[in-house]
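Biologist: I've got a model open and would like a guided tour before I head back to the bench. Can you put it on screen for both of us?

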Amino acid sequence: MQEQIEREISKNLTGEMRETALKFTAFLKSHGLMFHRDRSGDWAEKIYYWARSDKNCVCFIAVKDPDEPENAWTVWSDDSAAYEAPLGDAETSEIGLKYVNRCEKCGACGGGQVKTVFGKRISGVCMCTFRVDNADLNGLPFLKTMVELRLNEILQP
């Protein structure tokens, strides 16, 4: 299962997005995360993976979702308190606020929630705090920060 995500990325993505996705999955692996392909419900016929640390979800990755042809790949964060506190890095915080997963009335979150994201109260946020579509190399630092924040939360005693 570990190598399968790389095969799917290599087969379905090109150029900088492929490079970014492969670097991101390598980063996840370097932090001990395992990939699980979700074949349940709406995801059964899609290329959709959970990245997990033991039983804790860290993020989700979709590749070439036929329901979203405009997106070659998407990364969602888990719904987590790890993203509530202000970041010391204002630039990363500002970038992250651009990736807040706004409710699009799909029914998953019941119409959006009010969440605190990097110290700011935001309404209309879907279940997963962040959603990053078609990340390129410029988006990779934020994806890594997002994962590190969640892993720090999971690893706290």
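Modeller: Let's start with one residue and work outwards.

Biologist: Fine by me. Is alanine 108 buried, partly exposed or exposed?

Modeller: The model is predicted, with local features needing pLDDT of at least 70 and side-chain atom pairs pLDDT 80 or more, while totals for chains, interfaces and linings use all residues. Residues are numbered from 1 along each chain as its sequence is written, and side-chain values use heavy atoms, leaving out hydrogens and water. Buried means under 20% relative accessible area, exposed over 50% and partly exposed in between (1.4 Å probe, protein chains only). Alanine 108 comes out at 45%, so this residue counts as partly exposed.

Biologist: And where along the chain does alanine 108 sit?

Modeller: Helices (H or I, at least four residues) and strands (E, at least two) are DSSP runs, numbered from the N terminus. By that numbering, alanine 108 is in the loop between β5 and β6.

Biologist: There's an opening close by. How much space lies in the largest pocket?

Modeller: A pocket is worked out on a 1 Å grid over the protein atoms alone, as an open set of points with protein on both sides within 12 Å along at least five of seven lines; lining residues have an atom within 4 Å of a point. Points are joined across faces, edges and corners, and the volume is the space filled by probe spheres set on them. Of the 21 lining residues, Trp43, Trp76, Cys106, Ala108 and Cys126 lie nearest the centre. The space in the largest pocket is about 670 Å³.

Biologist: Which element gives the largest share of that pocket's lining?

Modeller: Both β5 (100-102) and β7 supply at least two lining residues. The largest share is four residues, and these come from β7.

Biologist: What about closed holes? How much space lies in the largest cavity?

Modeller: A cavity is a set of grid points where a 1.4 Å probe fits but cannot get out. Searching the whole structure turns up one of 30 Å³ or more. Its lining includes Ala62, Val63, Trp73, Thr74 and Trp76, and β4 provides the largest share with three residues. The space inside is about 40 Å³.

Biologist: β4 keeps cropping up. How many of its residues are buried?

Modeller: In a regular strand, side chains alternate between the two faces of the sheet. In β4, Trp73, Val75 and Ser77 on one side and Thr74 and Trp76 on the other are all buried. The strand is largely enclosed by the rest of the structure because the buried count is five of five.

Biologist: Which residue of β7 is the bridge partner of valine 75?

Modeller: Strands count as paired if DSSP finds at least two bridges between them. β4 pairs with β3 in the antiparallel sense over five bridges, and three bridges join β4 to β7, also antiparallel. In β7, the partner of valine 75 is valine 132.

Biologist: Now the greasy part. Which element gives the most to the largest nonpolar core?

Modeller: A nonpolar core is a set of buried Ala, Val, Leu, Ile, Met, Phe, Trp, Tyr and Cys residues joined through side-chain atoms within 4.5 Å. The largest has 38 residues, with Phe24, Leu28, Ile61, Trp73 and Val147 making the most contacts inside it. Among the elements supplying at least two residues are α1 (2-12), α2 and β3. With eight residues, the top contributor is α4.

Biologist: How far does α4 reach from its first C-alpha to its last?

Modeller: The helix covers residues 140-155, 16 residues in total. Its buried residues, which include Leu143, Val147 and Ile154, pack against elements including α2 (15-30), β2 (47-53) and α3 (90-98). The expected span, 1.5 Å times one less than the number of residues, is 22 Å, and α4 comes close to that with a reach of 22 Å.

Biologist: Back to single residues. Is threonine 25 buried or exposed?

Modeller: Threonine 25 lies in helix α2. Leaving aside residues up to four places away in sequence, threonine 25 touches Ile5, Glu6, Ile9, Phe35 and Ile61, where contact means heavy atoms within 4.5 Å. At 1% relative accessibility, threonine 25 counts as buried.

Biologist: Last one: what is the phi of aspartate 54?

Modeller: Aspartate 54 lies in the loop between β2 and β3, and at 72% relative accessibility counts as exposed. Its phi is positive although the residue is not glycine, with a value near 55 degrees.
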